[in-house]
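Student: Hi! I've got a model open and would like to talk through a few parts of it. Could you help me out?

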Amino acid sequence: MKSETLEQLRAAFNGDMYTDPVVLKQYSRDASVCEIIPQVVLCPKTIGDVKSIVKFVSSNPGLSITVRAAGTDMSGAAIGESIIMDVNKYIQGIVSWGVIGKIEAEITVLPGTFYRDFEKETMAKGFFLPSYPASKLINTVGGMVGNNSAGEKTLTYGQTERYVKSLKVILRDGNEYLVKPLNKEELDKKLAQNDLEGELYKSVWKIVSENADEIQSAKPITSKNSAGFALWNVWNEDENIFDLTKIIVGSQGTLCVVSEITFKLVPVHLKSQMLVVFMPSLDPIGPLVKDILPFAPTSIESYDEDTIKLAVKYFRDLPYQGKLLSFLKLAWNFMPEFQMVRSDGIPKLVLLIEFTGDTEKEIGDKIKKLNALIKEKYYLKTEYVTSPSKAKKYWTIRRESYNLLRKHAEGKKVATFIEDVIVPPERLPEFLPQFRDILKSYNLTYSIAGHAGSGNFHVFPLMDFKNPEHVDNIIEISKKVYNLVGQYKGSITAEHSDGIVRAPFLSKMFSPKTLELFVGIKKSFDPQNFFNPGKKVGATVEYFKNHIIKE
């Protein structure tokens with residue numbers, strides 16, 4: 001970027017601006033396998049600053065904005081070649097609260113707010129946002145909106161888009177607009193406007209109304225998806241509701257800048273119990289999940305034998321609140337795992353089936369019936385967990401598996417590129433062995449954890465990024481895995497979205513016509529292509545390959 005342009009940019013907003021190579025290097029990576037050195041990093045102090053930056057970029061062709069918060073994105077969506085705009089430093093905090101009776105609340109929050117701070121506030125009032133991901137201690141709510149995130153409670157509660165009541169967004173003209181569900185009368189008023197907002201609504205309405213059959217046929221059949229733009233959710237003909245938030249959520253900052261989010265919250269259940277199932281083989285996973293689902297658990301999570309070994313070997317690195325007593329309790333609760341590792345009786349997969357409710361009896365009756373069914377039909381070892389400390393042990397293993405693997409990779413790196421595939425759960429018995437065969441053919445060490453109830457698995461291979469073959473292997477494995485996912489009518493990304501890493505492979509899921517509609521949506525919002533270019537649309541395998549970390 002020219003020094004003259006940098007000076008003009010510096011004068012255009014209040015906040016911090018960095019061009020130091022050390023800082024640029026820090027912002028060149030997220031949690032993906034990619035690296036891109038930006039030209040400048042901006043930390044705006046107010047929403048007014050964000051508007052000013054957008055206006056400046058729109059008037060200076062060749063510049064682009066990649067909005068970044070905590071940088072935990074696994075798809076390369078939080079890195080870019082031009083301007084990185086960090087909203088985590090200053091654009092954070094709760095704007096307003098509203099409790100609506102006993103069954104619902106709403107909260108308005110700024111995008112750079114850490115989920116951990118957000119949850120502390122909501123839980124104190126007896127409500128929570130149930131679409132939080134496993135990275136909830138380090139991610140932000142803006143990132144959750146950008147990726148349409150989900151996590152361990154998705155089976156019951158669904159993805160983030162279900163909880164977004166409204167958004168404030170900054171469009172390409174640098175002005176802030178309110179986006180929320182509209183009835184047909186409200187939509188017609190928007191369509192009649194002779195301004196940028198009216199132009200946008202007309203363009204999107206034209207796309208979704210004239211291509212209804214194509215759009216509905218493109219809708220993934222999996223229980224969750226964050227690939228592409230969710231055009232199939234914009235126009236609800238049965239209820240006459242038009243909702244632009246449905247495509248902004250999950251768009252990874254490629255359409256606009258989200259400046260404020262109003263979430264719907266749900267009550268926290270008072271009681272929780274868990275049934276843990278130890279599986280010596282993956283063979284019964286499909287029918288087993290099918291038998292579990294009618295009992296309506298809150299979640300069905302899983303992790304594999306390698307995750308258990310990691311947890312046992314490095315259990316000192318697991319969170320235990322920094323107190324000796326907490327550490328001793330954690331160690332004591334891990335005694336069964338220590339014994340399993342010593343005796344080589346480690347299960348291939350562990351299922352965590354959580355039930356929540358308002359009374360112990362309500363939960364206990366379900367678990368006892370399910371436990372009897374599993375023992376009688378599948379002859380599997382189970383553990384009925386009522387103690388919060390024991391349940392915490394299992395949740396800690398599940399949530400910390402990625403961090404442990406990354407920390408103790410022993411000269412290798414955790415490669416996040418095929419880590420978010422999903423297929424219909426009934427297809428898992430066929431899909432998983434073929435998936436594992438692909439990884440075995442490359443001699444990869446990997447761990448598996450994920451959301452077994454929805455057929456969504458997070459697979460983290462370890463790779464040597466100093467080996468020049470790893471780049472070719474990443475591309476080859478991606479193609480093979482996504483071809484396999486396509487055969488089983490799955491999605492290449494359930495909750496981590498596309499970015500640089502997966503957008504080049506969207507043709508494995510969607511028809512050429514649907515991909516054209518995605519391009520049409522991008523042009524409707526961002527004809528100059530300055531909002532996070534090269535993610536969602538316009539991505540290529542060559543660009544992905546050229547920006548894979550080489551060290």
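Student: Which strands does helix 3 lie across?

Tutor: Happy to help; keep in mind that this is a predicted model. Helix 3, residues 47–58, lies across strand 1, strand 2, strand 3 and strand 4. Relative to strand 2, helix 3 runs at about 145 degrees.

Student: And what does helix 1 lie across?

Tutor: Helix 1 (residues 3–12) lies across strand 1, strand 2 and strand 4. Its angle to strand 1 is about 165 degrees.

Student: In what order do the strands of that open sheet come?

Tutor: The four strands are ordered 1-2-4-3, and their pairing is mixed. At the edges sit strand 1 (15–18) and strand 3 (65–68), each of which pairs on one side only. From one strand to the next, the twist averages 20 degrees.

Student: Strands 2 and 4, then: parallel or antiparallel?

Tutor: Parallel: strand 2 (residues 40–44) and strand 4 (residues 83–86) pair in that sense over three bridges. To find the pairing on screen, start at V41, whose bridge partner in strand 4 is I84.

Student: Changing topic to helix 7. Which of its residues are buried?

Tutor: L187, K190 and L191 are buried in helix 7, which spans residues 184–191. They are on the same side of the helix because they cover an arc of only 100 degrees around its axis.

Student: Why would residues three or four places apart point the same way?

Tutor: An α-helix has 3.6 residues a turn, so residues at that spacing point the same way.

Student: Which exposed residues are on the face turned away from the buried side of helix 7?

Tutor: That face carries E185 and K189, both exposed.

Student: What covers the buried residues of helix 7?

Tutor: The cover includes strand 10 (182–183), helix 8 (196–210) and strand 12 (241–242).

Student: What does the side chain of N183 reach at the start of helix 7?

Tutor: One of its side-chain oxygens comes to within 3.2 Å of the backbone nitrogen of E185.

Student: Last one: F127. Buried or exposed?

Tutor: F127 is buried: its relative accessible area is 6%, and the cut-off for buried is under 20%. You'll find F127 in strand 7, residues 127–128.

Student: Which residues is F127 in contact with, leaving aside neighbours within four places in sequence?

Tutor: F127 is in contact with V99, G101, K102, I103, E104, A105, T122, L265, V266, P267 and V268. As for E104, 23 residues from F127 along the chain, the C-alpha atoms of the two are separated by 7.8 Å.

Methods. Residues numbered from 1 in each chain as written. Predicted model: local features only at pLDDT ≥ 70, side-chain atom pairs only at ≥ 80, totals over all residues. Heavy atoms only, no water. Buried < 20%, exposed > 50% of the residue type's maximum accessible area, 1.4 Å probe, protein only. Helix = DSSP H or I, 4+ residues; strand = E, 2+ residues; numbered from the N terminus. Arc of directions from axis to C-beta. Contact = heavy atoms within 4.5 Å. Polar contact = N/O pair within 3.5 Å; in protein donor to acceptor, adjacent residues only side chain to side chain. Pairing = 2+ DSSP bridges. Axes fitted to C-alpha atoms, helices over the stretch in contact; angles between N-to-C directions.
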